[in-house]
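User: I should like to learn how to read local features in a model of this kind. Could we work through the chain one feature at a time?

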Amino acid sequence: MGKKDKKDHKNDHSSNKSKKQRRGGKRMSKKQLAQALSNLFTSQPDKTLTLKDIFRSLHLDTHPLKMLAMDTLEEMTWDDAITKVSDNSYKLNTKGQVQEGRFIRKSNGKNSFIPDGSDKPIFVSERNSMSALTGDRVRVSMMARRPKHIKEAQVIEILQRAKDQFVGRLRVDKDIAFLVTPENTFAQNILIPKNKLKGGKTDDKAVVKVTAWPDSEHKNIIGEVVDVLGKTGDNDVEMNTILAQYGLPYKYPKKVEDAADKITGEITDKDVAEREDFRDTWTCTIDPKDAKDFDDALSIKKLDNGLYQVGVHIADVSHYVTEGSVIDKEAQKRATSVYLVDRTIPMLPERLCNFVCSLRPNEDKLCYSAIFDLNDEAEVKASRIVHTIIRSNRRYAYEEAQQVLEDNGVVDGTGQPAPDPGKAGYKDEYGWELCTLDRLAKKLREKRFKDGSVKFDTEELHFDVDEKGHPIRCYFKRSKDANKLIEEFMLLANRTVAETVGRVPKGKKAKVFPYRVHDNPDPEKMETLRKFIAPFGLKVKTDGTRKAMIKSINKLMDDVDGQREAKVVQSVTLRAMMKAKYTTHNIGHFGLGFDYYTHFTSPIRRYPDTMVHRLLTKYQNGGRSANEKHYEDLCEHCSDMEQLAQNAERDSIKYKMVEFMGDKIGNEYDAHISGITSYGIYAEIDENHCEGMVPMRDLDDDYYDFDEKNFLLRGRRHHHKYQLGDPIRIKVAKANVEKRQLDFVLAEEQGAPKQGTKEQESKE
């Protein structure tokens, strides 16, 4: 073929291409064109585009399309989506159109963007996410709103990755290796060069660091193994995998442990001279039976004036962990101990948390204490916060302390004053001390609820495990009087410490201090709660003063107590509550009904408590107010780490739940509906409290619509309903421990789902 022939062939090809574009263009609707224009401007937020640039970029080569584009551009100008620079040039209106914030990835592809300074999510489709992951800081541009009321954003730059290490299962093939991450983490797996496997083999769980992210030229994610955790299915490996997935530490740095080993815990004469001595006052600890880190103790004695002196003694961690030390830096980074089903990952090295700082019985220990003088009605007549030295007389497990209370007949709630010390009538050596503490705690609790604390009596799921970590029993534990006794005095101490710093004379500014705050409930969620409980004949106040709302919620809890729907009503009420957090900006604590509240009582397992101890000591010694920004940053970090720890704990519970049910495939159980979603029904087995899902695809007797506000599924043809709290019969279908997923199907002898009457349906 000659040059001329080649040129003619090229022209023919171009001509064909142009015709195809024009044919495609003729089919372009105004909506499609608006989207194309929006994408064009948002992909070049700083560039001014002429009409010629726009027509060429979008292949708008017919007069009708050009006229349609010009009309659409004018509309976008009126919409403030773009700015008209001149008669024939436009630029993206970046004021409000380009924003920075945090990205959140969802498994269903309905991702979202949270702008800085806001908590309102903005939708980001998967195709516009630019491979951003949850927690990444991103820059987005707002897209044209079609329809008008829907806000949508497009990621145009990933400013900072939240993390670059991921955990998953290795697959090593002949020519290539890659990490299979949990479902929906990435669109594709992470490729790993064979020389970067660090000895990892197929089916090993491993931690991989990303060394190259996708860009305009490369679509693959490249990484290298930084740690091989071990074989999939091994209990220790799976627990460490959960920790690694959340970026939580699963082993302690040797240099930090070495530093802790050098701390002798010796108490000098100078230490004793600087402290109040409580070694001759009866003192005890009450903790879970498997606990070793005893960070709080209670003391009690009868004073000559008839009052009871109660001491809340807290391990003086800050005496041993100095600010800025290698131990302190590691504790600050961790911010909290993590409690998985079968283990604790401590914030402090074992030498400190289980030995030096732990308030072990019959050992002298240094404490920071809140001392209260109480009358028979548990009214605080005097209090002080002082450094002390104590010697615990007895270590109780909760079950042991509870038995003492029950043996001495104080659990019936009569509230009768306990006899004086030395009088007969107690079956336990320290019966008077425990029973008196319990009686005072009940008085404190009664007053707290009267003054405005919310009554949530929650249950905790527990597992008994064998020596290999395999769950052999699954059950709920409720707080009893021994638990509530400890809780009440810890609340009193925390509240008093917060008031000591935060409550200042009018016109005077309080010194910087970390508070534990809890905002008022979300109004929209409270309205959802009101509508949900109405069919049960229940009411709740959704606005008004904080005290009025709490009173209304408590009445709701009392009214529903003992009813079949009690658990589900409490669940929906809890969803309306905001999350508690740490901050230097005090707004009070809604759930407790306190104007001032902090965390002072657990410095062994929570870093904010250590911060509180240090600042309290500084201010008692006449120190100036601390740097607000520094402590606010620390508070935010501690809140974030607390959330990660809770997520890891929930995942460990899910894993054990699925593992526990793994040998029960095909078994049938009575259950109740514990959750309703657009993709299925969550059901909790009544016998063992394990929760699984009946997928929507298995509800094949009808087409079901999801009614989000009323927490139910309703069949279109037969009007059958599946509603939160309804009893159902399920069969265990599948238990996938790797995905921590338990699948149920409805049992064959399942009765017909609840069917609403015409009257009920008209009300809904």
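User: Is Met130 buried, partly exposed or exposed, and what is the relative accessibility?

Analyst: Since this is a predicted model, every value discussed here is computed. Partly exposed applies between 20% and 50% relative accessible area. Met130 has 42% relative accessibility and therefore counts as partly exposed. Met130 belongs to the loop between strand 6 (122–124) and strand 7 (137–142). The backbone of Met130 also deserves attention: phi is positive, about 55 degrees, although Met130 is not a glycine.

User: Where is Ala335 found, and is Ala335 buried or exposed?

Analyst: Ala335 sits in the loop between helix 9 (326–334) and strand 18 (338–340). Ala335 counts as buried, because the relative accessibility is 3%. Ala335 is not a glycine either, yet has a positive phi of about 70 degrees.

User: Let us turn to charged side chains. How many salt bridges does a search of the whole structure find?

Analyst: Side chains of opposite charge can pair when their charged atoms come close. The search of the whole structure returns 57 salt bridges. One case is Glu100 with Arg137, where the closest N and O atoms are 3.4 Å apart. Glu100 lies in strand 4 (residues 98–104) and Arg137 in strand 7, so this pair ties together parts 37 residues apart in sequence. Glu100 is partly exposed at 30% relative accessibility, and Arg137 is partly exposed at 27%.

User: Which residues are linked with Glu100 and Arg137 in a network of salt bridges?

Analyst: The network of salt bridges links Glu100 and Arg137 with Asp116, Arg139 and Glu157.

User: How many residues apart are Asp438 and Lys442, and in which helix do they lie?

Analyst: Both lie in helix 12 (residues 431–451), four residues apart, which is about one turn of the helix. Their side chains meet in a salt bridge, at 2.5 Å from N to O. Asp438 is buried, with a relative accessible area of 3%, whereas Lys442 counts as partly exposed at 26%.

User: With which residue does Glu487 form a salt bridge?

Analyst: The partner of Glu487 is Arg445, with the closest N and O atoms 3.4 Å apart. This pair links distant parts of the chain, for Glu487 is in helix 13 (residues 481–502) and Arg445 is in helix 12, 42 residues away. Glu487 is partly exposed, its relative accessible area being 37%.

User: Which residues gather in a patch of positive charge on the surface?

Analyst: The patch of positive charge is formed by Lys508, Lys511, Lys618 and Arg624. Membership of such a patch requires over 30% relative accessible area and no salt bridge. Lys618, found in helix 17 (residues 607–620), is partly exposed with a relative accessible area of 36%.

User: How should one read contacts between residues that are distant in sequence? Which residues does Gly588 touch, not counting residues up to four places away in sequence?

Analyst: Here one sets the separation in sequence beside the separation in space. Gly588 touches Val517, His518, Arg546, Phe594 and Asp595 when residues up to four places away are not counted. Gly588 and His518 are 70 residues apart in sequence, but their C-alpha atoms are 6.4 Å apart in space. Gly588 is in the loop between strand 26 (581–583) and helix 17, and counts as buried at 3% relative accessibility.

User: Where is Glu565 found, and with which residues is Glu565 in contact, leaving aside neighbours within four places in sequence?

Analyst: Glu565 occupies the loop between helix 15 (546–560) and helix 16 (566–576). With those neighbours left aside, Glu565 is in contact with Phe536 and Val560. From Glu565 to Phe536 the C-alpha distance is 8.4 Å, across 29 residues in sequence. Glu565 is buried, with a relative accessible area of 16%.

User: To conclude, what does the chain as a whole come to in helices and strands, and what share of the residues counts as buried?

Analyst: The secondary structure comprises 19 helices and 35 strands. Of the 764 residues, 47% count as buried. Among contacts with a separation of 6 or more, residues 24 or more positions apart account for 65%.

Conventions
Residues numbered from 1 in each chain as written. Predicted model: local features only at pLDDT ≥ 70, side-chain atom pairs only at ≥ 80, totals over all residues. Heavy atoms only, no water. Patch = residues over 30% accessible without salt bridge, like charges linked within 9 Å, V, L, I, M, F, W, Y side chains within 5 Å. Areas by Shrake-Rupley, 256 points an atom, 1.4 Å probe, with all protein chains shown as cover. Salt bridge = Lys/Arg side-chain N within 4 Å of Asp/Glu carboxyl O. Lys, Arg positive; Asp, Glu negative; His and termini not counted. Charge placed at Lys NZ, Arg CZ, Asp CG, Glu CD. Helix = DSSP H or I, 4+ residues; strand = E, 2+ residues; numbered from the N terminus. Buried < 20%, exposed > 50% of the residue type's maximum accessible area, 1.4 Å probe, protein only. Contact = heavy atoms within 4.5 Å.
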